[in-house]
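Q: Please take a close look at one buried asparagine side chain in this model and what surrounds it. Then set it beside the other local features of the chain, including the packing of nonpolar and aromatic residues.

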Amino acid sequence: MRRLSHIVCCSLISLVACLMPFPVRGADVPAPASQRVLLLNSYHQNMSWTQSITQSIEERFKAFPIELYIESLDSKRQPLELVWPTMHSYLGAKYGPDFFDAIIVSDNNALQFMNCERQRLFPDVPLVFCGVNHFHPRLMSLLESRVAGVTEEISVRKTVELMQRLQPRLKRVVMVSGTTETAALNQIEASMQLESRDNSLQVEYWHGLGKDELLARLMTLSPEQDGVLLLAFTRDADGHYYSFKTQGLMLAKASTAPVYSLWEFYQGTGVLGGALIRGQDQGLAAANLCLKVLRGELTSVPQAEKGPPGVYMVDAKVLARFGIPERWLPPETVVLNRQHSFYRLHQTEFLLALSTVGLLLLLSLGLQTSRRRLTRIIDEMGVGEARLRTVLNSIGDGVLAMDRKGLLLGLNPVAEKLIGVSPLECVGQRAELFFSLVDTRSQQPLNILARATAGLEEPLPLPEHTTLLTSAKKAYQVSGTVAPLRDDHGHELGLVLALRDISDDYALRQQLRDSQKRFIDITNSLNDILILLDPQLRVQLMNKAGMRAYQVDPDNYVGKLCHELFWDCPIPCDQCPSLQVMKDGRISKAMRFRDDGTVLARTIYPVYAEDGRLSGTAVIASDVTERYHAEQALKQSQEQLLDVANSMPGAIFQLRVLAEGTMQMNYVGEGIRPLAGLSDSEDIMNPVVLLKALARDDRRRILRSTMRAARRKRLWEDEFRFALPDGIRWVHGKAYPRPEADGSIVYNGVLTDITKRKQMEEKLQHQVYHDHLTGLANGVLYRDRLTQALHRASRHNEQLAVIMLDLDRFKEINDTLGHAAGDVLLQQVSRRLEGVLRRDDTVARLGGDEFMVLVEGLHQRESLEGVLEKMVQSFVPPFDLDGTEVTIGSSIGISLYPMDGVTVDDLIKHADIAMYQCKRQGGQRYCFYADATDSQPPENPA
């Protein structure tokens with residue numbers, strides 16, 4: 001009766017214990033008392049993601065005497081660079097440098113801010129981060145000391161696999177992302193995770209669209225063949241900001257295909273679900289890590305661990321909307337918004353009632369059976385045997401027992417499977433009839449069983465290379481032991497052979513040995529030196545070329561410091577390239593000049609472990625002594641050639657015109673700088689710099705002439721101008737082509753300064769076409785301009801005027817005051833005429849005191865009379881001839897095109913006739929040819 005009561009009480013206690021909640025993991029190790037922790041969130045506190053992380057941390061810290069202070073950067077709604085100085089000032093003013101015992105930051109922006117500002121705000125306070133996405137192991141080098149955290153790993157591939165499972169006809173996945181930096185990084189991560197996807201699945205990226213365009217596209221999708229994965233649409237192309245809730249509601253409502261996501265905060269907005277990252281998981285991981293920090297378990301070296309993986313979560317309402325049955329879901333999927341039965345809604349109460357009924361039944365059964373005597377269920381003599389049989393049958397190794405004569409006494413099921421016989425077939429038979437143990441390499445029998453039957457004191461392990469051969473010609477690679485079998489009195493009865501099938505492991509180890517041997521053989525066959533160093537600069541591996549070069553003992557170099565082994569230095573070399581490579585992760589090149597005169601070209605590569613951590617460097621060195629000296633000699637020769645080229649007048653150049661039409665400057669002499677007016681800081685090897693130095697009007701022409709010569713593979717020769725601050729410099733260029741195998745053309749040429757020649761040509765041309773006394777156009781230039789003007793007037797249906805002017809009383813003044821005074825008078829007349837005419841009008845001196853004027857762009861005769869009136873009035877003021885004032889008049893004759901003629905000669909002749917008509921009428925007036933032919937004296941407008 002007492003035994004039955006004891007059983008009932010124990011059952012009751014066990015049931016109550018099962019119904020009690022389990023304690024929180026990690027709560028058994030308390031953190032130090034009265035500690036303060038700062039939680040700095042990247043985003044505003046009302047964001048669902050931030051709330052989830054914060055609530056999880058607060059819930060975890062409830063069991064500890066920790067004061068949690070919460071601050072937010074709010075860098076989602078405004079750029080980080082704007083809130084950075086404000087937050088720095090705010091935290092510095094609100095909290096002292098020794099106020100906190102630890103700091104937790106959530107998401108990338110808060111980590112970036114606190115990693116940079118922590119030593120100024122809270123020196124030496126340990127830092128814990130969570131929710132940091134796109135975290136590359138190389139970023140660890142950017143973190144300060146005493147930093148640890150958990151990263152955020154999105155599960156794009158896992159979510160796409162869920163999409164294919166729920167949409168069997170899926171053909172296209174549309175990735176939607178906004179214009180934020182996080183969205184762009186999510187897109188890159190998604191493309192990397194889907195690189196090895198099934199080619200039958202099409203992936204499109206809708207990145208950085210406006211809201212209206214995106215919603216319009218979503219309305220055109222197929223619900224069976226299309227699926228949408230929301231990577232983050234916080235900001236669209238128009239700069240509009242959307243919360244997570246707004247994103248989910250907006251996209252799920254517009255899309256005619258299911259919308260999936262990667263974070264839990266989109267759930268409940270119409271998004272179907274996916275492999276979701278949960279904020280509470282990130283917050284819990286950060287809180288647990290912070291507790292370790294508060295207990296002093298954080299090292300000074302930055303460390304990061306992967307955060308909790310995404311959890312399959314779906315919305316049952318969205319499944320029903322698209323007709324997707326729940327039986328298609330993976331077994332571990334969390335289903336939200338499911339319509340539960342009465343049992344699921346009241347499951348706890350139901351189980352409690354059921355347990356109560358069970359207890360009552362158990363008590364009733366105990367009362368009924370208390371009147372009967374308990375009988376033995378299992379014979380005590382058979383308990384030990386049954387237990388032994390159970391143990392032997394449950395272990396994973398094959399066990400065989402043999403007597404001292406080698407006869408099999410028994411074997412467990414694993415041994416039966418290995419040997420391929422049943423106990424009925426083999427027990428009592430000799431073991432060698434059913435199997436044998438041989439050396440794997442030589443295939444010779446092992447005598448280990450014979451040694452054991454001869455007397456064995458301690459268990460004997462099987463050799464490393466042991467093969468089990470069965471009577472059915474099957475072979476297994478095995479490991480195990482041979483142990484003595486004794487009775488209770490220590491008498492030896494036989495032996496026990498324990499075998500384990502390690503065929504797969506052995507094959508893998510053998511492959512590894514073969515791979516290592518091949519690696520060593522390959523490295524030893526290299527002519528270049530190969531050295532592997534660990535992060536402490538200890539030598540891990542060196543090939544034969546390295547051993548010969550540095551005369552290293554092959555059996556005594558591993559683990560030696562490289563600076564001690566190679567250079568006999570107690571400390572690392574100054575500016576050691578291997579240390580620099582391990583610091584920044586970049587490939588480095590360096591030259592090493594040895595004392596024996598050899599020159600080694602070294603390339604140092606970073607070496608990464610499987611987890612992405614930098615595990616050392618690989619140094620590859622080549623003996624380039626001959627090449628180095630040859631290059632030095634070539635360099636010296638090139639420098640001599642450059643000195644010769646730079647000392648020549650003008651500039652020597654080599655230009656390559658590529659097949660696609662672009663140009664690159666292979667060489668140009670320093671003489672181009674004074675020639676083109678370029679400073680010492682400007683890059684003369686850049687064709688754009690030289691092109692900008694050209695006069696603006698010559699740039700397009702020179703480009704066309706160069707490309708035309710290159711297409712025809714002909715000599716290029718041209719004249720052009722450089723625009724210098726002090727004027728124009730004329731240059732003559734000439735270059736000869738050399739076609740290359742890749743289709744490009746190399747031009748070797750020279751540029752020569754021809755400014756003086758051009759100035760002389762311009763001076764001679766000016767003398768040919770201009771009057772030497774007044775500087776006005778002469779008769780030749782006037783007739784040329786009149787010819788051109790006639791073509792323009794005919795083309796534009798306009799009029800022009802040819803005006804001939806003769807000075808009244810000029811001969812009298814010239815004879816009275818002398819030719820010098822006459823020349824001065826002619827010069828002053830020229831200036832007055834230029835002063836009353838337009839810039840486009842032409843004034844010319846034919847000779848003596850005769851002048852010609854060309855006026856273009858006329859539409860009627862009356863528009864010319866104002867110009868003629870100014871010309872007549874310009875002669876009214878007296879002229880000052882070295883203190884002597886003289887007054888002269890002018891007779892002006894005009895012929896109009898096309899009324900008075902259409903040729904140069906006709907117009908000049910008719911203007912001359914009109915001018916002499918004015919002379920006959922007394923001068924100081926103007927006459928039109930049309931009026932002169934009417935034989936009527938024109939009215940003097942003056």
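A: In this predicted model, the side chain of Asn543 reaches the backbone nitrogen of Gly546, at a distance of 3.1 Å. Asn543 is found in the loop between β22 (539-542) and α18 (544-550). Its relative accessibility is 1%, so Asn543 counts as buried, the limit for that class being under 20%. Not counting residues up to four places away in sequence, Asn543 touches Thr523, Asn524, Leu526, Asp528, Ile529 and Leu530.

Two other loop residues can be described by their backbone. Arg146 has a phi near 60°, a positive value in a residue other than glycine. Arg146 is found in the loop between β4 (127-133) and β5 (147-152), and with a relative accessible area of 32% it is partly exposed. Asn337 is not a glycine either, yet its phi is positive, at about 60°. The loop that holds Asn337 runs between β13 (334-336) and α11 (342-345). At 38% relative accessibility, Asn337 counts as partly exposed.

A further loop feature concerns a peptide bond. The bond from Tyr897 to Pro898 is cis, with omega near 5°. Pro898 lies in the loop between β36 (889-897) and α30 (904-920).

Next, the nonpolar packing. In soluble globular proteins, nonpolar side chains tend to be buried together. Here the largest nonpolar core has 78 residues, and those with the most contacts inside it are Trp49, Phe61, Ile104, Val156, Met175, Val176 and Leu218. Helix α9 (residues 279-294) supplies the largest share of this core, eight residues. Phe61, leaving aside its neighbours within four places in sequence, is in contact with Val37, Ile66, Leu68, Ile104, Ala287, Cys290 and Leu291. A second, separate core has 34 residues, among them Leu826, Leu864, Val872 and Leu896.

Leu218 leads to helix α7 (residues 211-218), where Leu214, Leu215 and Leu218 are buried. These residues cover an arc of only 95° around the axis, so they are on the same side of α7. The buried residues of α7 pack against the strands β6 (172-177), β7 (202-207) and β8 (226-232), and against the helix α8 (244-254).

The aromatic residues come last. A search of the whole structure finds 18 aromatic pairs. One of them is formed by Tyr926 and Phe928; the arrangement is edge-to-face, with 6.1 Å centre to centre and 90° between the planes. Both rings belong to buried residues: Tyr926 has a relative accessible area of 9%, and Phe928 has one of 3%. Phe928 also has a charged partner, since Arg861 lies over its face at 3.8 Å from the ring centre. Elsewhere, the charged end of Lys158 sits over the ring of Tyr312, 4.8 Å from the centre of that ring. Trp49, already named for its contacts in the largest core, forms one aromatic cluster with Phe244, Trp263, Phe265 and Tyr266.

Definitions and conventions
Residues numbered from 1 in each chain as written. Predicted model: local features only at pLDDT ≥ 70, side-chain atom pairs only at ≥ 80, totals over all residues. Heavy atoms only, no water. Core = buried A, V, L, I, M, F, W, Y, C linked by side-chain atoms within 4.5 Å. Buried < 20%, exposed > 50% of the residue type's maximum accessible area, 1.4 Å probe, protein only. Helix = DSSP H or I, 4+ residues; strand = E, 2+ residues; numbered from the N terminus. Contact = heavy atoms within 4.5 Å. Phe/Tyr/Trp six-rings, centres within 6.5 Å; stacked < 30°, edge-to-face > 60°. Lys NZ or Arg CZ within 6 Å of the ring centre and 35° of its normal. Arc of directions from axis to C-beta. Polar contact = N/O pair within 3.5 Å; in protein donor to acceptor, adjacent residues only side chain to side chain.
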